4 protein chains.
Amino acid sequence: MATMRAAVFVEKNRIVLDDKPIPEVGPLDALVRITTTTICGTDVHILRGEYPVAKGLTVGHEPVGIIERLGSQVRGFFEGQRVIAGAITPSGQSFACLCGCGSQDGPDTRHGFRAAGGWKFGNTLDGCQADYVLVPDALANLCPIPDGLSDEQVLMCPDIMSTGFSGAERGEVSIGDTVAVFALGPIGLCAVAGARLKGASMIIGVDGLSERMNVARGLGATHIVDFKKGNVVEQIMGLTDGRGVDVAIEALGTQGTFESALRVLRPGGRLSSLGVYSSDLHIPYDAFGAGLGDYSIVSTLCPGGKERMRRLMAVVASGRVDLSPLVTHRFQLDDIEAAYELFAHQRDGVMKVAITP
Amino acid sequence: MATMRAAVFVEKNRIVLDDKPIPEVGPLDALVRITTTTICGTDVHILRGEYPVAKGLTVGHEPVGIIERLGSQVRGFFEGQRVIAGAITPSGQSFACLCGCGSQDGPDTRHGFRAAGGWKFGNTLDGCQADYVLVPDALANLCPIPDGLSDEQVLMCPDIMSTGFSGAERGEVSIGDTVAVFALGPIGLCAVAGARLKGASMIIGVDGLSERMNVARGLGATHIVDFKKGNVVEQIMGLTDGRGVDVAIEALGTQGTFESALRVLRPGGRLSSLGVYSSDLHIPYDAFGAGLGDYSIVSTLCPGGKERMRRLMAVVASGRVDLSPLVTHRFQLDDIEAAYELFAHQRDGVMKVAITP
Amino acid sequence: MATMRAAVFVEKNRIVLDDKPIPEVGPLDALVRITTTTICGTDVHILRGEYPVAKGLTVGHEPVGIIERLGSQVRGFFEGQRVIAGAITPSGQSFACLCGCGSQDGPDTRHGFRAAGGWKFGNTLDGCQADYVLVPDALANLCPIPDGLSDEQVLMCPDIMSTGFSGAERGEVSIGDTVAVFALGPIGLCAVAGARLKGASMIIGVDGLSERMNVARGLGATHIVDFKKGNVVEQIMGLTDGRGVDVAIEALGTQGTFESALRVLRPGGRLSSLGVYSSDLHIPYDAFGAGLGDYSIVSTLCPGGKERMRRLMAVVASGRVDLSPLVTHRFQLDDIEAAYELFAHQRDGVMKVAITP
Amino acid sequence: MATMRAAVFVEKNRIVLDDKPIPEVGPLDALVRITTTTICGTDVHILRGEYPVAKGLTVGHEPVGIIERLGSQVRGFFEGQRVIAGAITPSGQSFACLCGCGSQDGPDTRHGFRAAGGWKFGNTLDGCQADYVLVPDALANLCPIPDGLSDEQVLMCPDIMSTGFSGAERGEVSIGDTVAVFALGPIGLCAVAGARLKGASMIIGVDGLSERMNVARGLGATHIVDFKKGNVVEQIMGLTDGRGVDVAIEALGTQGTFESALRVLRPGGRLSSLGVYSSDLHIPYDAFGAGLGDYSIVSTLCPGGKERMRRLMAVVASGRVDLSPLVTHRFQLDDIEAAYELFAHQRDGVMKVAITP
């Protein structure tokens, strides 16, 4: 039985590169040989035991690669084709998917909904920090890479670009809006780019690191608020002349950013939450207008599926958004443990790493 | 100077009937002689000092009456015409109004947004528990009562019908949805009727009082959950075969109902909040899917303006919704203090009172 | 090789009952034994050669039956289970489906869109006027029938209920709207029911046959306009006091009804077109406000997929809509040619026929 | 009585500069001294008698100026303030406005809707090709110009920018969409910019003039189709690899562009019509998918009101869209007849003219 290398969750604080069998290809699957992948902040939560996964699971959910083998029922693709798949791989056929909630895809035997059930790679199925990954429901999830785009150009599509853009989409950013983005990590940076793509005229990025601020400016931030330089809410209310923002995007997953996002909203505004929270949230009575402020709070898990990937790659191909500055470091798969070491400690100004098997 | 009777907020726990001058009519106003009005739960918050208003303010925000005098710029109406106005009286001309947020209407000098700023009657302007009320921005707010409808038939339109229906509208209830409504007071009952009007197929009402349950059934509740008979979340999950609901409407304004509403949502579902909260809210980490559940939480203040009133009266006229069972008691304006006494203590099975000057 | 009976298109004006092999079940399919089906107006177009299909194709797209055999990849169902499938059977996995356009589902090899490509039964695949039908993409399309519902109660779900309701949904009917429905055949009658389910307060049905008018009243029409009694546009403008309607639903497929629907719209209104047209349409310059009237014209093909079917059956189960009066005649499959004869000529007050193998 | 100069419609083919009294200021009005205005294609229709207006009416609907006098009820502004108003001046207070249809604003005495009734300047009220213009419902329509923006920078906001952007907005352009814009006059060019602002990744402009093509490229067109170089539909289907476009924007007002726009749509796509038509339209049966293609056709009249103007000027201030290349010629008000001569004949590569009194 042929084997491959895979980054496997062993126990809290241990993800190691190990050998595993190359998976067998079922009728609905595709086996993809990974050519580039990356590490996500969520993988660090897994590493630290903050997000539970099964021991022995292969980690990673951002695959760029080449079709190695197609299941017997998977038509319209060919072996050797360059493809990506989303971090979220909806079946397209469950009640949840047919209800427009592919990210909350669940088993067909019941009602089809399971919170975050569309996230399978590196969560409930073996992921893609490996030589090969098995893509489930391949018809709905494989998306060919347009000619002329490199692996690194499309590496952000499966997760952070899809997630960040959805922050602006679910926030319903419209032409002429003022938007604030809380935290300028990779997701927040993509939210800035998404707000710009949706027509915001004023985009305020909030962070404390100057490199991130600079990347944010390049992606569309018109103003930067440094949380180290004073109260964030006051700074934003000052920048908006007391009006507040139409849409606030939370991109970190903490009470502090969530609460500030709520406090800078104009009445009737929308808080679009992207963060993964690890503790309860608190909504201050006054910040919520006692329930009379027409506020909306929406949370979004990364949209997936091949149509989403096709659209994101079309944006990259158009040259409208260039996320290549986010890839700050590159590693071989053999060195993935070092990559985790660097990324988990956010050393050396790392934003995203590219991993090549 | 002619005077009139008015229910005035004097201090905490004291609303009294007093004499005040009949207001002067500015160019944009209309003076309406009240023929019927009512007391709202919010008025009880004011009475108890839980919601602050200026001392000496006339209370009440649900006017049904007859045009006594029109401001010089108010065309298209005539004196003697039967009209209502919404509890919320947007100007139609502020930045907030033109942005679609009439309930958050604010002063024109700045940006136009003020939380709950569209609520003027009995909040920032004298209200309608009086012989006369001055309707601001009368062009946008006076709405003629269709022939054949009685005062009591349209008495719920200005506030609870508009608010309750908005719970279903902002919850985006669609055909075939399962909806749960938490608390079957007047607002919750109207939310039940609204969910039915929007096409829900399963409507679960939650309360503990049998009279309310009965009214809820008449307005469209297909199932009732009695919170006295066990855990509400478990009961609802049982009724829905473990699926949860598409939309949960909160109609009380407490942490308990808010949290239960969140816990019964299917992933991707919407919590539509109508309650007026008097303390902070808490979002349990797990009930929010750690931010990955695609949940939406929307809060809504009663929509106002004459077009809204026209539509609600059209629904009444069509016979599709009959809220007359909600009027359980009737008082003369001279007896309004007794009406407050009864209503504030929820004695004698009171749901809504009709006050006639 | 086992055979079955099937109503087959032979040539223009000839659909005959013939013997065909029982289809083989592929990995993604389900074989359903038909217990009840019906004939649709579209089948009459096929019969007359107005809508082209391949010679030898089995006709019919409204299946109610029992699972006879499941493909190897179809989990979550069991043989012997009572199910329906929609007239439209989207794969859920094409670009079109993942874009929210399941009715326009196309082949995966290209872009996924093909006009009306989601309509497969009796169009591009063998249909269900037969002893058995093969359901493609069974995971996305089989929907269990709730206990307690009879075949005839759910017989309208696959097509006319889904289509008629979509007229109101795509018309964005909202609470308090005035709606006109042009032609009260089965689709128009379901559009009336859909408008009512979406909260319309005034629903004007237009037709010339008194039996249809009566059924329309039972399903929610508040007013009826008889086109035999004078100009339809004038009658509707009179009923609405010169205002016009918010939404006009076209349910026949002719220039006359289309044009009248446009002419009764208030500025900013929506024409929701359900008809199948067999000739070009003409938009009079003035009826379109010279392009300045903010009018919308939307056309819709019957939404399909199991989630849609689940919701429609939930509406039936709730008792909110009872379409059983539409089944006016019943036939055995052996007599289907007689059923076509009756239905195609609209004899004997026929609305829908139930066919039982 | 003080007089002013005004461009007046005298009769077919005659608009002349004449003296008229400076208008009196009613309580709800503002008198604005024009500092810059322009001529619109619609004015040419008026000139030619194709769009009827009253003889003696002052033409023009794109005002940039300074508040000269405020009506007694107009607060929140000050005399001497630089402002614009939209071409469309909704009252904000009619049934139509409160229904979200400000462009279809009508008289309050009835239902509030009148086709294109929100267009008052140079249509039903005296316009702004004059020394002064009276702005009706000034509270809803005056919008201060942000510091630092010149007259010419905001000159396109009242009409063509608002109209062009609305083509993309009503077309519901979303991230990654393919959009085609038919005709690259000033409106079409703004539609290109709007499609870009809404996130389109491929924007195909269709025209025959190379100067317009160049401006289109600068505003976001990624591809240009020259109608002189072959069949437009075939060219676009070729560019999109046979898929068609998600949104087609019609920006001319002819059968040819309308029909081509429909023919290049993918099933389920949206035709967003901006043109002013002067004859009936024809929808070919096949291009409309016989009614089964899920197509939408939406028409839009320029959105107005001060919030719209505020947002458009925010976009200009952000530097995201620069329409200054559109102003190709400049005239004094005294020379407006020459300006009409040039503009009506589209001489000398004119796109827009700036008129300064």
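At what angle do the axes of helix H5 and helix H6 of chain C cross? In this predicted model, the axes of H5 (residues 157–170) and H6 (residues 186–197) of chain C cross at roughly 50° and come within 7 Å. Angles from 65 to 115 degrees count as roughly perpendicular and those under 35 degrees as roughly parallel; H5(C) and H6(C) are therefore oblique to each other. The crossing of H5(C) over H6(C) is right-handed. On the side of H5(C), the contact is made by C:Asp159, C:Ile160, C:Met161, C:Thr163, C:Gly164, C:Phe165 and C:Ala168. H6(C) contributes C:Pro186, C:Ile187, C:Cys190, C:Ala191, C:Ala193, C:Gly194, C:Ala195 and C:Leu197. By class, the residues of this contact comprise 11 nonpolar, 3 polar and 1 charged.

The sheet of chain A was examined next. Chain A contains an open sheet of 5 strands, arranged in the order E6-E3-E4-E5-E7 with antiparallel pairing. Strands E6 (132–135) and E7 (143–144) of chain A occupy the edges, and each has a single partner strand, so one side of each lacks a neighbour in the sheet. Within this sheet, strand E3 (residues 30–36) and strand E4 (residues 64–70) of chain A are paired in the antiparallel sense through 6 bridges. One residue pair in chain A illustrates the register: A:Ile34 has A:Gly65 of E4(A) as its bridge partner.

A further antiparallel pairing is found in chain D, where strand E1 (residues 3–11) is joined to strand E2 (residues 14–21) by 8 bridges. Across this pairing, D:Arg5 stands opposite D:Asp19 of E2(D). The two strands, E1(D) and E2(D), form a hairpin, with 2 residues between them. In the turn of this hairpin, D:Asn13 adopts a positive phi of about 70°.

The arrangement of the copies was then considered. A turn of 180° and a shift of 0.0 Å along the axis lay chain B on chain A with an RMSD of 0.0 Å. The two copies are thus related as by a two-fold rotation axis. Both copies use the same surface, as 100% of the contact residues of chain B recur in chain A. For chains C and D, chain C is laid on chain D with an RMSD of 0.0 Å by a turn of 180° and a shift of 0.0 Å along the axis. Of the interface residues of chain C, 100% are also interface residues in chain D, so these copies meet through the same surface.

Methods
Residues are numbered from 1 along each chain as its sequence is written. Chains are lettered from A and ligands numbered from 1 in the order in which they are written. This is a predicted model: local features need pLDDT of at least 70, side-chain atom pairs count only at pLDDT 80 or more; totals for chains, interfaces and linings use all residues. Side-chain values use heavy atoms; hydrogens and water are left out. Axes are lines fitted to C-alpha atoms, for helices over the stretch in contact, and angles run from 0 to 180 degrees between N-to-C directions. Helices (H or I, at least four residues) and strands (E, at least two) are DSSP runs, numbered from the N terminus. Angles under 35 degrees count as roughly parallel, over 145 as roughly antiparallel, 65 to 115 as roughly perpendicular and the rest as oblique. A crossing is left-handed if the near helix is turned anticlockwise from the far one by less than a right angle, and right-handed if clockwise. Contact means heavy atoms within 4.5 Å. Ala, Val, Leu, Ile, Met, Phe, Trp, Tyr, Cys and Pro count as nonpolar, Asp, Glu, Lys and Arg as charged, and the others, Gly among them, as polar. Copies are superposed by least squares on the C-alpha atoms of residues with pLDDT of at least 70 in both. Two strands pair if DSSP finds at least two bridges between them.
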